[in-house]
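Colleague: Before I use this model, I would like to hear how each label attached to it is justified. Could you take me through the reasoning, value by value?

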Amino acid sequence: MSQSSKTLIVGCGFSGAVIARTLAEHGRVVHIIDQRNHIGGNAHDFVNEHGIRVHQYGPHLFHTSNDKVVQWLSAFTDWLPYQHRVKALLSDGRYVTLPVNKETAEIVGCDRIIDVFFRPYTRKMWGVELEQLDPAILQRVPVRDDLNEFYFPNDTFQAMPKDGYTAMFQRMLDHPNIQLQLNKAFDKAVEGQYSHVFNSMPIDQYFDYCLGELPYRSVKFHHHTLPMPSILPAATVNFTHDQPYTRVTEWKKLPGHGEHPSHTTLTFEEPCDYKDNHMERYYPVKDLQGINLQRYQQYRDMVPAHMTFIGRCGLYAYLDMHQAISSALAAADNHLKGFAKAMPFGCCN
Ligand SMILES: Cc1cc2nc3c(=O)[nH]c(=O)nc-3n(C[C@H](O)[C@H](O)[C@H](O)COP(=O)(O)OP(=O)(O)OC[C@H]3O[C@@H](n4cnc5c(N)ncnc54)[C@H](O)[C@@H]3O)c2cc1C
């Protein structure tokens, strides 16, 4: 087998791992690398010294109405049903349901909803005043006129992987055609050794920022274990104050995340610019003028034929997990169709 028949996949998050598995099952030999020391991308989780499962990059709640995605993923995990609830802590110490429902609106007052929930959150999360924000972001935050307490009221499938995300990724990548290498950053010098590259690195970085940078917001995660059996009224509590943290998650409140009798682990989230967090890119910044998206499109126009950009940073889009999976399945499918066309007499590795 020649080296050039191999496919390189940069990034071992959902986007890269889903493509790796799909190509491997179709007989392609895949080399997948990640610059981090672990698999799973931002969905990576681990069990700490108290037997509590922690999501290293903040809470990842799997929710979707896409049956194809659920079916595909279910080959690698069993599920624990779970419907997420979020509370907000008011300045007077009371907890109310988020997103704002009828009860929350009555307690806070309809005319104060923007100032209590959206204004401080926007300042912390996006580093701008509410008025400077793309209205599309605000439209995504629902306000309900019923008493529903669930964070994702409409998705038909909501669950956590029974043994965690990392175990699910391990099974996904466990295939003789997949070669995994961690602590390995992409190097342009090796590009020519592969027939195709699926790349989840930031697209502006690949092009050495020649058209300028694509900005992101980031989050610093602060993990703390306290000598208490339990502390929060819900798995996640959002803060309405002006302090730097947006929310805190208590892991034991999620199913299958540990049952330590005397200790509980919390993760606080502190949003910031990605340059203040080791260039960790989480949320693409939507500017009102659409300059960032235009710049992204210009980068897209420069992508060579032997490369497909994938995932959050390759597509410069916020993707939930089910969207990243769906998009990766489509990218792999397109690639395999193109490969089959180029090999009319049957394909080989
Ligand atoms: C705080 C937070 C909370 C979230 N909560 C949810 C949730 O509740 N539900 C939900 O559905 N989604 C959630 N998401 C979204 C979820 O994280 C994404 O859908 C998912 O991570 C997308 O996977 P990806 O493969 O595109 O990107 P990533 O998971 O970021 O994976 C990309 C990988 O590429 C690697 N990489 C980048 N550049 C290079 C390079 N040059 N060389 C080698 N490797 C490289 C990175 O190290 C990374 O591991 C959340 C995201 C964040 C940030």
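Colleague: What makes the pair formed by an oxygen atom of the ligand and a backbone atom of L319 a polar contact?

Modeller: In this predicted model, the ligand oxygen is 2.6 Å from a polar backbone atom of L319, and because a polar contact requires N or O atoms within 3.5 Å, the pair qualifies. The backbone of L61 also offers a polar atom, at 2.8 Å from a ligand oxygen, and that value likewise falls within 3.5 Å. At H60 the partner is an N or O atom of the side chain, 2.7 Å from an oxygen atom of the ligand, so the label holds there too.

Colleague: How much of the ligand does the protein bury?

Modeller: The ligand taken alone exposes 990 Å², and the protein buries 95% of that. Its shell draws two or more residues from each of α1 (14-25), α9 (311-315) and α10 (321-342).

Colleague: How many residues surround the ligand, and which are the closest?

Modeller: There are 31 residues around the ligand, the closest being D34, H60, R312, L319 and M321; they count as near because each has a heavy atom within 4 Å of the ligand. Sorted by class, the shell holds 17 nonpolar, 9 polar and 5 charged residues.

Colleague: What are the domains, and how many residues are in contact between them?

Modeller: Domain 1 covers 3-81 + 156-211 + 288-342, while domain 2 covers 86-149 + 217-276. Taken over C-alpha atoms, their centres are 28 Å apart, and 16 residues of domain 1 are in contact with 23 residues of domain 2, which means that they have heavy atoms within 4.5 Å of the other domain. About 1600 Å² is buried between the two domains, with carbon and sulfur atoms giving 68% of that area. On the domain 1 side, H50, I52 and P59 lose the most area to domain 2, together 34% of what that side buries.

Colleague: Where is the cis peptide bond, and what is its omega?

Modeller: The cis bond joins L98 and P99, with omega at about -10 degrees, and P99 is in the loop between β8 (95-98) and α3 (102-108).

Conventions: Residues numbered from 1 in each chain as written. Predicted model: local features only at pLDDT ≥ 70, side-chain atom pairs only at ≥ 80, totals over all residues. Heavy atoms only, no water. Polar contact = N/O pair within 3.5 Å; in protein donor to acceptor, adjacent residues only side chain to side chain. Areas by Shrake-Rupley, 256 points an atom, 1.4 Å probe, with all protein chains shown as cover. Helix = DSSP H or I, 4+ residues; strand = E, 2+ residues; numbered from the N terminus. Nonpolar A, V, L, I, M, F, W, Y, C, P; charged D, E, K, R; others polar. Domains from an automatic or database assignment. Buried area = accessible area lost by both parts, 1.4 Å probe.
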